[in-house]
Amino acid sequence: MKIAILPGDGIGTEIVAEAVRVLNVLDLKFEMETALVGGAAFDAHGHPLPESTLKLAMASDAVLFGAVGDWKYDTLDRPLRPEQAILGLRKNMGLFANFRPAICYEQLVGASSLKPELISGLDILIIRELTGDIYFGQPRGRRVATDGHFPGAEEAFDTMRYSKPEIERIAHVAFQAARKRKAAGKEGRVTSVDKANVLETFQFWKDVVSEVGKEYPDIALDHMYVDNAAMQLVKEPKRFDVVVTGNMFGDILSDEASMLTGSIGMLPSASLNSKNQGLYEPSHGSAPDIAGKGVANPLATILSAAMMLRFSLNQAAAADRIETAVKAVLAQGLRTPDIYSEGTTKVGTSQMGDAVVKALR
Ligand SMILES: NC(=O)c1ccc[n+]([C@@H]2O[C@H](COP(=O)([O-])OP(=O)(O)OC[C@H]3O[C@@H](n4cnc5c(N)ncnc54)[C@H](O)[C@@H]3O)[C@@H](O)[C@H]2O)c1
Ligand SMILES: CC(C)[C@H](C(=O)O)[C@@H](O)C(=O)O
Ligand SMILES: [Mg+2]
């Protein structure tokens with residue numbers, strides 16, 4: 001089993017180091033190879049996704065990814081921005097299905113500013129389409145002023161676009177996930193989130209998802225506009241089971257949902273292609289505001305490593321062990337600052353990693 005380790009920038013290096021320590025105590029035979037990505041790769045090689053990094057990722061069974069980006073690259077043009085590295089990995093590896101499970105661990109319910117009845121027992125799955133939509137639609141660009149004056153661009157544009165096969169395959173992923181969850185006692189409902197009242201792309205999305213839904217009579221399907229979904233997520237989050245949506249809406253709704261779990265530092269993710277090859281990363285970014293301070297929450301990354309063991313490496317028992325260890329550490333009252341509340345013990349990134357490693361031993 002070969003794992004490509006791509007820590008990236010900012011807190012990416014800090015949190016991935018803890019996840020690697022956790023993987024190393026599992027007594028499983030992995031080959032891990034680390035490579036530069038994002039701003040770190042740009043600084044060293046002049047490109048955020050060097051050919052060698054992409055090759056390593058493509059040749060691995062799974063990729064463990066930290067985060068990319070920093071304010072210092074904000075002036076760079078699009079192809080060279082660190083964020084292009086993660087987009088390039090997703091596109092080149094065909095990682096179209098992004099799973100972002102928003103699970104609120106019981107130990108964190110009391111710490112949240114949200115009402116306990118709202119989040120206690122919360123376990124919803126956001127499935128975000130990851131290689132289409134306005135992120136990748138063509139054409140995109142800037143139109144230069146008609147008098148030819150440069151750099152005076154007059155307008156900029158991106159194209160929102162989905163093909164039928166792209167919608168069909170993500171819909172199947174969502175219905176199958178709902179079926180699996182139903183077998184484990186969940187409701188068996190897919191909520192497709194769109195903006196069909198305004199956008200052609202999402203009217204089409206809604207039609208195609210409805211069509212695919214007919215193949216899953218055992219699964220309930222409802223449709224919701226994205227603005228309403230954003231509101232319902234905080235009003236009554238437990239009304240959702242599986243949420244399926246496009247690239248852009250999924251990006252936004254998953255950050256919102258992370259706060260139902262206590263913090264963005266608690267939300268893992270898996271991005272899969274049709275060969276079950278996967279990239280695993282926390283849903284958050286490189287957090288330049290806290291980078292280098294040793295306070296980032298490594299649990300989203302550690303939980304992403306658990307998803308990697310379950311989905312790509314056929315090691316479900318090891319994944320269960322990691323998740324149990326995370327719960328044990330939270331039960332001990334250990335908290336990074338983002339999930340800290342009165343009466344608990346504040347720890348840093350590596351102390352949190354230490355505690356998970358100890359719980360695993
Ligand atoms: N997949 C990725 O690599 C990815 C994802 C999102 C953002 N980004 C990039 O990251 C950079 C920063 O973006 P941003 O600030 O908008 O989003 P961010 O997710 O990096 O941070 C948002 C806020 O959440 C906090 N936060 C994030 N992760 C945390 C953790 N593990 N523990 C504790 N607190 C945490 C940060 O301190 C910050 O206050 C940008 O360059 C952005 O493009 C990368
Ligand atoms: C960094 C950025 C390209 C990325 C996205 O928008 O997909 C991030 O926000 C995420 O959620 O993984
Ligand atoms: Mg995001």
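Student: Where is Pro139 found?
Tutor: Bear in mind that this is a predicted model, in which local features need pLDDT (the predictor's confidence in each residue, from 0 to 100) of at least 70, side-chain atom pairs count only at pLDDT 80 or more, and totals for chains, interfaces and linings use all residues. Residues are numbered from 1 along each chain as its sequence is written, while chains are lettered from A and ligands numbered from 1 in the order in which they are written. Helices (H or I, at least four residues) and strands (E, at least two) are DSSP runs, numbered from the N terminus. On that scheme, Pro139 sits in the loop between strand E5 (123–129) and E6.

Student: Which form does the peptide bond from Gln138 to Pro139 take, cis or trans?
Tutor: Check omega for that bond: it is near 0°. That makes the bond from Gln138 to Pro139 cis.

Student: Is Asp133 buried or exposed?
Tutor: Asp133 is in the loop between E5 and E6, and has a positive phi of about 70° although it is not a glycine. A residue is buried if 20 or more other C-beta atoms lie within 10 Å of its own, exposed if 12 or fewer, and partly exposed in between, with C-beta atoms placed from the backbone. Asp133 has 25 such atoms within 10 Å, so it counts as buried.

Student: Where is confidence lowest in the protein chain?
Tutor: The chain averages a pLDDT of 96, and 98% of the residues score at least 70. Where pLDDT is low, the predicted coordinates should not be read in detail. The highest mean, 99, belongs to strand E10 (residues 242–245), and the lowest, 85, to strand E6 (residues 141–144).

Student: What is the radius of gyration of the protein chain?
Tutor: It is taken over C-alpha atoms, and the globule rule is 2.2 Å times the number of residues to the power 0.38. For 361 residues the rule gives 21 Å, and the chain comes close to that, so it is as compact as a globular protein of that length, with a radius of gyration of 20 Å.

Student: Which helix gives the most to the largest nonpolar core?
Tutor: A nonpolar core is a set of buried Ala, Val, Leu, Ile, Met, Phe, Trp, Tyr and Cys residues joined through C-beta atoms within 7 Å. This one has 105 residues, and Leu64, Tyr280 and Ala305 are among those with the most contacts inside it. Beyond its neighbours within four places in sequence, Ala305 is in contact (C-beta atoms, placed from the backbone, within 7 Å) with residues including Ala19, Leu64 and Tyr280. The top contributor, with 10 residues, is helix H11 (residues 299–311).

Student: Which residues come nearest to ligand 1?
Tutor: A residue is near a molecule or strand if its C-beta atom, placed from the backbone, lies within 6 Å of it. There are 22 residues around ligand 1, and the nearest are Gly69, Gly265, His284, Gly285 and Asn297.

Student: Which element gives the largest share of the shell around ligand 2?
Tutor: That ligand is surrounded by Glu83, Ile86, Leu87, Asp251, Ser283 and Gly285. Three residues of the shell come from one element, H4.

Student: How far apart in space are Asp61 and Ala17?
Tutor: Asp61 lies in the loop between helix H3 (51–58) and strand E3 (62–67), and counts as partly exposed with 18 C-beta neighbours inside 10 Å. In sequence, Asp61 and Ala17 are 44 residues apart; in space, C-alpha to C-alpha, the distance is 19 Å.

Technical notes
Contact = placed C-beta atoms within 7 Å.
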